[in-house]
Amino acid sequence: MDTRIDMAGTRANRDRTFAVLNALLNLGPGIHKFRTIAARAGLGDATVHRRLDQLVHAGLATRTTRGYYELCEATTSISRTSGLFHRNATPLLDAQRLLDALHHRTDQVVLLHTHSPLTGERLCIGAAGETSLPLRRELAMASGAVDALRQAPLDLDAPGLVMLANLVASEAPVREDLRRIKAMQMAHSPSSIPGWSLLSVPLKRLPGAPATPGAEPGVVASVSVLAPEPSHGAHVVAYGRLMHNLVRAATESSVVISRHAAAPACVA
């Protein structure tokens, strides 16, 4: 048997099951009619019946009466991707436009991190594409992934490392990995989601924030693409160039182009 075909079939089955689960999550608390669930999931009746049976067997949903289903109370925690970033630190409108533009160009999740000088941590303050079905599915299965993406030490992964490399004083001794990151102005690392990686570039000024005349701005944040591990290094380079170009356009001219354009091949 061709293992690639088998794996593709497994992923397709998993995606159909999660599509039904996502339909229930979107419908919200309470009991829902089978017909309503099927319409929201966009799948055939037989497929939805099988996936609902799987959810009931797994203890994620219950069949209340014939033709009616309800999510178990604990299952609703899967939908809590709102904890991915600190909502009390919502970025400027132009910064959100930058995230949205990168999301449309890459078709991947995009995160905005800043850093806390007091704690030495990086903090996620904005996101685009964070409600995507693949991300919600992976976060549901990766314990602690949301917390790690939201807040973590600067030296944990790419979003923090690309800021840390630029925060170290030029005259101070610098680790070799940070030296390379500073030279490339790009960092790439695994994320807290197994099989997903982070590609990050530094941001010297949030789009829409006033610039200080005559001052050399320091790095204040990082922008990252969160995506399944790329199979080829060329995709990483392509994303990095795209991010650098959009970040430069957004911060230097305060213009963010949000129209969809040619993007690197999907890294899934």
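Reader: Of the contacts with a separation of 6 or more, what percentage comes from residues 24 or more positions apart?
Author: This is a predicted model, where local features need pLDDT of at least 70, side-chain atom pairs count only at pLDDT 80 or more, and totals for chains, interfaces and linings use all residues. Residues are numbered from 1 along each chain as its sequence is written, and side-chain values use heavy atoms, leaving out hydrogens and water. A contact means heavy atoms within 4.5 Å. For contacts with a separation of 6 or more, the part from residues 24 or more positions apart is 66%.

Reader: How many helices and strands are there?
Author: Both are DSSP runs numbered from the N terminus: helices are H or I with at least four residues, strands are E with at least two. In the protein, that gives 9 helices and 9 strands.

Reader: Which strands stand at the edges of the open sheet?
Author: Strands pair if DSSP finds at least two bridges between them. The open sheet has 6 strands with antiparallel pairing, in the order S6-S5-S4-S9-S8-S7. Each edge strand has a single partner, so one of its sides is left without a neighbour in the sheet. The edge strands are S6 (151–153) and S7 (187–190).

Reader: Which residue of S5 stands opposite His-113?
Author: S4 (residues 109–116) and S5 (residues 121–128) pair in the antiparallel sense over 7 bridges. Opposite His-113, in S5, you'll find Cys-124.

Reader: Is helix H7 largely enclosed or open, and how many of its residues are buried?
Author: Buried means under 20% relative accessible area, with exposed over 50% and partly exposed in between (1.4 Å probe, protein chains only). H7 (residues 158–167) lies across S4, S5, S7, S8 and S9, and the cover over its buried residues includes helix H8 (176–184) too. Among those buried are Pro-159, Gly-160 and Met-163. H7 is largely enclosed by the rest of the structure because its buried residues number 8 of the 10.

Reader: At roughly what angle do the axes of H7 and H8 cross?
Author: Axes are lines fitted to C-alpha atoms, for helices over the stretch in contact, and angles run from 0 to 180 degrees between N-to-C directions. The axes of H7 and H8 come within 8 Å and cross at roughly 90°.

Reader: Which residues of H8 make that contact with H7?
Author: From H7, the contact uses Leu-161, Val-162, Leu-164, Ala-165 and Asn-166. The H8 side is made by Leu-178, Ile-181 and Lys-182.
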